[in-house]
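Visitor: Please pick one part of this model and take a close look at how its pieces are paired. After that, go on to the charged contacts and the open space elsewhere in the chain.

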Amino acid sequence: MGFAIALAAAAHAEGPERPPSFVGDVLPVLSKAGCSSSGCHSKPEGQNNFKLSVFSSDPRSDYEEIVSDAGARRVFPAAPEHSLLLRKATGELPHEGGRRFEVGSPEYETLARWIGAGMVYQNDADPELEGLSLEPDAVRAQPGQGGALRATAHFSDGSARDVTHLAHFSTEGELLELAEDGAYRVADARGGAVAVARYMGRVAVATVTVPPEEARPEADYAGFEVRNFIDAHALARWRELGLVPSAGCGDAEFLRRASLSLTGTLPAPEAARAFLADPDPGKRAALVDKLLLDPRWADHWAIKWIDLLRPNPDRAGV
């Protein structure tokens, strides 16, 4: 998400003197409708001569594309309901992307008001988007229970706005069913899941825990040594979910796993023999420090991040 969007996009509570703006009101609607995704008008070649930036990263270019490009044929200020932008999105005219919202819906009314009000790019009085939160941010449920999450945008003037209807919700795994409006239902199972909400470059998460029927005895965790803050968080979560940490691995397995994870390579035979023969109880921590100083660590993880972010899919990725 572009810097301008992450700072400025999203509207605060609307008043009678404030016209809708492209940055504050229209971009969230287009984003929720999927218009700014790589599978629609944000493909490298666009779609039917209409191209938007990926995830609204270039709002000025998107504004010019809608308002000025193609002889300004996509908007009709004198009669907003006849604008190509609306008629395509509502399915009144053939649209390869299908119907994105209904006539008379809040999304439709927002775009129609913006077109009729003169298609303002950005209001000077619009506050900056500073954060996003989910309520509740921690859910403790039983199998089969349901509920709803509410996404709230927070702005630089201290105001807040319910943006649940404009946020993108997602989760992974089979424990949680999460709808586009934030409604959720827990499967007939136990465990943990995370619900993620995204709105104009901001992200909020909520944890969902379905605890075991009976808590495990504390003796099950007695052998686990907490060495850092990550271990402390992991142990707390294991207790919530009734999980027991696996037994520790041997030196040879640790050496192999650490080397592959950090540098993507296996240790040389002589290095492996020296590590296995070393009686120092702190040799594992020393090995990790050594691997983090290896130039291959930076190369290996740069490739991983490039493969994930794909800044240039024509030249990067393995």
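**The strand pairings, and what lies beyond them**

Guide: Strand β9 (residues 191–199) and β10 run antiparallel and are joined by nine bridges. The model is a predicted one, and what follows is read from its atoms. The two strands form a hairpin, with two residues between them. One residue of that turn, M200, has a positive phi of about 50°. Among the bridge pairs of the hairpin are R198 with V203 of β10, and V196 with V205 of β10.

V196 also leads to another pairing. Strand β6 (residues 168–170) runs antiparallel to β9, with three bridges between them, and the partner of S170 in β9 is V196. V196 therefore has a bridge partner in β6, namely S170, and another in β10, namely V205. In a regular strand, side chains alternate between the two faces of the sheet.

β10 (residues 202–210) has a further partner in β2 (residues 138–140). Here the sense is parallel, and the number of bridges is three. A138 is placed opposite T207 of β10. β10 thus pairs in the antiparallel sense with β9 and in the parallel sense with β2.

Two residues of another strand can be placed by accessibility and by distance. F155 belongs to strand β4 (residues 150–155), and A153 belongs to β4 too. A153 has a relative accessible area of 0% and is buried. F155 has 3% and is likewise buried, because the cut-off for that class is under 20%. The C-alpha of F155 is 9.1 Å from that of D126, although 29 residues separate the two in sequence. For A153 and L134 the separation along the chain is 19 residues, and their C-alpha atoms are 9.2 Å apart.

Turning to charged contacts, the whole structure contains twelve salt bridges. Side chains of opposite charge can pair when their charged atoms come close. D69 and R74 form one of these bridges, with 3.3 Å between the closest N and O atoms. The two partners fall into separate accessibility classes: D69 is partly exposed at 31%, whereas R74 is buried at 4%.

R296 and D294 form another salt bridge, with their closest N and O atoms 2.8 Å apart. R296 is partly exposed at 41% relative accessibility, while D294, at 17%, counts as buried. Salt bridges with shared partners also join D251, K283 and R284 into one network.

A further bridge has both of its partners in helix α8. The N to O distance between the side chains of E253 and R257 is 2.5 Å. These residues are four apart in α8, so about one helical turn separates them. Both ends are partly exposed, with E253 at 37% relative accessible area and R257 at 48%.

Helix α8 also leads to the open space. The largest pocket holds about 850 Å³. The elements that each give two or more residues to its lining are α7 (229–241), α8 (251–263) and α10 (283–292). The largest contribution, four residues, is that of α7.

In total, 22 residues line this pocket. Those that lie nearest its centre are F224, E225, R227, D231 and F254. By class, the lining has twelve nonpolar residues, six charged ones and four polar ones.

The cysteines can be dealt with briefly. No disulfides turn up when the whole structure is searched; the count is zero. One cysteine, C35, is buried, with a relative accessible area of 12%. C249, at 22%, is partly exposed, because the buried class ends at 20%.

To return to the part chosen at the start, β9 is joined to β10 by nine antiparallel bridges and to β6 by three. β10 in turn pairs with β2 over three parallel bridges.

Definitions and conventions:
Residues numbered from 1 in each chain as written. Predicted model: local features only at pLDDT ≥ 70, side-chain atom pairs only at ≥ 80, totals over all residues. Heavy atoms only, no water. 1 Å grid on protein atoms, 1.4 Å probe; cavity = no way out; pocket = protein on both sides within 12 Å on 5 of 7 lines; lining within 4 Å. Points joined across faces, edges and corners; volume = space filled by probe spheres on them. Nonpolar A, V, L, I, M, F, W, Y, C, P; charged D, E, K, R; others polar. Disulfide = S-S within 2.5 Å. Buried < 20%, exposed > 50% of the residue type's maximum accessible area, 1.4 Å probe, protein only. Pairing = 2+ DSSP bridges. Salt bridge = Lys/Arg side-chain N within 4 Å of Asp/Glu carboxyl O.
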